[in-house]
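Hi,

Here is the structure I promised to pass on. Have a look at it first, and then read on for what turned up.

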Amino acid sequence: MSKRHIAKTNIFKILAMTLTLLVISTSSLAELNQPAKVYTQKGYPFEGLVKRSEQVTIIYTKGTDNVSCRVEVSQDGQIWQGEKRSTSLKKFTQKPLRSCMDRVEAKKLLAKTF
């Protein structure tokens with residue numbers, strides 16, 4: 001085999017490995033960044049707030065038996081950011097929005113959507 005043929009073969013192998021690694025790493029990163037959709041319990045004012053807002057996001061960090069969380073609500077191009085709260089894992093699992101957002105604040109934000 002000539003040196004030129006060996007060089008072309010090596011370049012092809014390197015290119016194939018690079019392409020394979022790129023595809024694998026891109027697909028694994030895509031899986032990590034997928035937000036989880038959580039639906040709120042029915043009831044005033046939380047259900048109405050979710051339906052009438054552009055986006056409601058719960059940002060949380062799980063501990064062993066508690067959750068630290070806050071809520072962001074997007075309405076008419078503005079984003080309201082709630083204060084960080086701590087709640088039990090059980091309450092968060094059952095009613096995530098209610099446990100991370102004050103009811104009074106939810107009422108105020110809901111009133112702004114009308």
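Which residues are buried in helix 5? They are Ala 106, Leu 109 and Leu 110. Looking down the axis of helix 5, you'll see these buried residues within an arc of 100°, so they line one face of the helix. Ala 111 and Lys 112 sit on the other side of helix 5 and are exposed. As for what the buried residues pack against, it's helix 2, strand 2 and strand 3 (78–81). Before you go further, bear in mind that this is a predicted model.

Next, the core. The largest nonpolar core holds 12 residues. Among them are Phe 46, Leu 49, Val 67, Val 71, Val 73, Phe 92, Leu 97 and Met 101, and two from helix 5 that you've just met, Ala 106 and Leu 109. Four elements supply at least two residues each: helix 2 (46–52), strand 2 (66–75), helix 4 (96–100) and helix 5 (103–112). Strand 2 gives the largest share, with 4 residues.

Two more members of that core are Cys 69 and Cys 100, and this pair is worth opening in your viewer. A disulfide joins Cys 69 to Cys 100, with the sulfurs 2.0 Å apart. The count for the model comes to 1 disulfide. The bond ties together distant parts of the chain: Cys 69 is in strand 2 and Cys 100 in helix 4, 31 residues apart. You'll probably want the torsion too: about the S-S bond it is about -105°, so the disulfide is left-handed. Both ends are buried, Cys 69 at 1% relative accessibility and Cys 100 at 2%.

What surrounds Cys 69, if you skip its neighbours within four places in sequence? The contacts include Ile 58, Ile 59 and Tyr 60, then Glu 83, Lys 84, Arg 85 and Thr 87, and also Phe 92, Ser 99 and its partner Cys 100.

Ser 99 deserves a line of its own. This serine lies in helix 4 and counts as buried, at 11% relative accessibility. Its side chain reaches the backbone oxygen of Pro 96 at 3.0 Å. Again leaving aside neighbours within four places in sequence, Ser 99 is in contact with Cys 69, Arg 85, Thr 87, Lys 91 and Phe 92.

Last, the charged pairs. How many salt bridges does a search of the whole structure find? There are 3:

- Glu 47 with Lys 51, at 3.3 Å from N to O. These two are 4 residues apart in helix 2, about one helical turn. Glu 47 is partly exposed at 24% relative accessibility, while Lys 51 is exposed at 64%.
- Glu 72 with Arg 70, where the closest N and O atoms are 2.9 Å apart. Glu 72 is buried, with a relative accessible area of 18%, and the cut-off for buried is under 20%. Arg 70 is partly exposed at 24%.
- Glu 105 with Lys 108, at 3.9 Å from N to O. Both lie in helix 5, 3 residues apart, or about one turn of the helix. Glu 105 is partly exposed at 26% relative accessibility, and so is Lys 108 at 47%.

Why does that spacing suit a pair within a helix? An α-helix has 3.6 residues a turn, so residues three or four places apart point the same way.

That's the tour. Shout if anything looks odd on your side.

Cheers

Methods
Residues are numbered from 1 along each chain as its sequence is written. This is a predicted model: local features need pLDDT of at least 70, side-chain atom pairs count only at pLDDT 80 or more; totals for chains, interfaces and linings use all residues. Side-chain values use heavy atoms; hydrogens and water are left out. A nonpolar core is a set of buried Ala, Val, Leu, Ile, Met, Phe, Trp, Tyr and Cys residues joined through side-chain atoms within 4.5 Å. Buried means under 20% relative accessible area, exposed over 50%, partly exposed in between (1.4 Å probe, protein chains only). Contact means heavy atoms within 4.5 Å. A disulfide is a pair of cysteine sulfur atoms within 2.5 Å. A polar contact is a pair of N or O atoms within 3.5 Å; within protein, one must be able to donate a hydrogen and the other to accept it, and residues adjacent in sequence count only if both atoms are side-chain atoms. The arc is that of the directions from the helix axis to the C-beta atoms. A salt bridge is a side-chain nitrogen of Lys or Arg within 4 Å of a carboxyl oxygen of Asp or Glu.
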